[in-house]
Amino acid sequence: MSPVIEVTGLKKSFGKTDVLQGVDFQVQTGEIFALLGSNGAGKTTTIRILATLLLPDGGTATINGYDVVSQAARVRETISLTGQFTAVDEILTGRENLILIGRLRGVANPKNVATEMLERFGLTQAGDRRVATYSGGMTRRLDIAMSLVGAPSVLFLDEPTTGLDPEARLEVWRTIRELATRGTTILLTTQMLDEAEQLADRIAILHGGTIIAEGTMDQLKQILPPTEKVYVEKQPTLEEIFLAVTARKG
C-alpha cells in the first residue's frame with residue numbers, strides 16, 4: 001500500500017539559514033505520526049510545505065499521490081490544518097462557525113453537517129453559545145471539528161495542545177485518538193515528549209534540518225543502552241495531583 005504522505009529530500013532555507021536540509025519520512029493511512037523537535041527545528045515549516053502554504057527549495061512531497069507543488073489544488077482538497085492557535089470566530093456560536101466553514105467548502109447541507117460535528121465532538125449543549133464563552137478545551141475541539149468539515153483524509157495538527165490546561169489537553173488527546181480510529185491520517189507536531197509518547201504510532205525527531213531518528217516508541221528505546229532494573233519510590237507528578245484533585249471536586 002502506498003503511503004498517504006511521502007516526503008523525500010525536503011529542503012527549505014530562509015536567507016542564509018538552512019531550516020530543512022533533506023527531510024525524509026512516510027505516513028500510512030490512519031496513522032498518527034509525531035514530528036518532534038525544539039523551537040526552530042523546522043516542524044512548522046514542514047507542515048506549511050505539506051499544506052501548500054510554502055514552497056520548498058528542494059526535494060519532493062506528495063499527499064495521497066498528489067505533488068504539493070505541481071498539484072497543490074488537488075492536495076488542498078484532501079487535507080486540513082489546525083495550527084498552533086485556534087482559528088475560530090469568537091463572536092459566532094459554535095454552530096455558526098461550523099456552518100460558515102461548510103458553506104466555504106461547498107459541502108451539501110452545512111446545517112446538518114454542523115449538527116453532526118457538534119454531536120461528534122461533545123459540543124451539542126454548547127453549540128448555540130458564543131465561542132467566547134467556551135473553555136480552552138472546547139475551543140480546540142471546535143477548531144478540530146471545523147478542520148474536519150468536508151471529510152479530509154489527512155489532518156495536520158501543529159502543536160494542538162499549546163496553552164491548554166491538563167484536562168483540556170486530555171480532551172484533545174481523546175479526540176485525536178478517535179479520529180485515527182475512524183481512518184484519518186494525522187501528522188502531529190509537538191514539543192511535548194509525553195504527548196508524542198501517548199498518541200503516536202510512530203515518532204520522528206527533527207534536528208539540524210534532518211530526521212535523526214524515527215520509529216515506534218519501542219524501536220526508539222533500542223537506541224539507548226539496555227535498561228537496568230532499580231527499585232525506587234515513585235512520587236506522583238504535579239499533573240497527576242492536579243487531575244486527581246480536580247476530579248474529586250468535580
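**View A. Asn109, an exposed loop residue with a positive phi**. At 51% relative accessibility, Asn109 counts as exposed; exposed means over 50% relative accessible area, buried means under 20%, and partly exposed is whatever falls in between, using a 1.4 Å probe and protein chains only. Asn109 sits in the loop between α3 (94–104) and α4 (110–120). Its phi is positive, about 50°, although Asn109 is not a glycine. Helix and strand labels are DSSP runs numbered from the N terminus: H or I of at least four residues for helices, E of at least two for strands. Bear in mind that this is a predicted model, where local features need pLDDT of at least 70, side-chain atom pairs count only at pLDDT 80 or more, and totals for chains, interfaces and linings use all residues. Residues are numbered from 1 along each chain as its sequence is written, and side-chain values use heavy atoms, with hydrogens and water left out.

**View B. Thr52, a buried loop residue with a positive phi**. Here the loop is the one between α1 (43–50) and β4 (58–63). Thr52 isn't a glycine either, yet its phi is near 65°. With a relative accessible area of 12%, Thr52 is buried.

**View C. The largest nonpolar core**. A nonpolar core is a set of buried Ala, Val, Leu, Ile, Met, Phe, Trp, Tyr and Cys residues joined through side-chain atoms within 4.5 Å. This one has 40 residues, and Leu98, Met117, Phe121, Leu142, Ile144 and Ile186 touch the most other members. At least two residues each come from β3 (32–36), α3, α4, α5 (136–147), β7 (154–158), α6 (166–181), β8 (185–190) and α7 (193–199). The largest share, six residues, is supplied by α6. Another core lies apart from this one, with 28 residues, including Val7, Leu20, Phe25 and Leu35.

**View D. Met117 and its contacts**. Leaving aside residues up to four places away in sequence, Met117 touches Leu98, Ala145, Leu148 and Val149; contact means heavy atoms within 4.5 Å.

**View E. Where α3 meets α5**. The two axes, lines fitted to C-alpha atoms over the stretch in contact, come within 9 Å and cross at roughly 20°. That makes α3 roughly parallel to α5, a label for angles under 35 degrees on a 0 to 180 degrees scale between N-to-C directions. On the α3 side, Gly94, Asn97, Leu98 and Ile101 meet Leu142, Ala145 and Met146 of α5. By class, that's five nonpolar, two polar and no charged residues; Ala, Val, Leu, Ile, Met, Phe, Trp, Tyr, Cys and Pro count as nonpolar, Asp, Glu, Lys and Arg as charged, and the others, Gly among them, as polar.

Methods
Angles under 35 degrees count as roughly parallel, over 145 as roughly antiparallel, 65 to 115 as roughly perpendicular and the rest as oblique.
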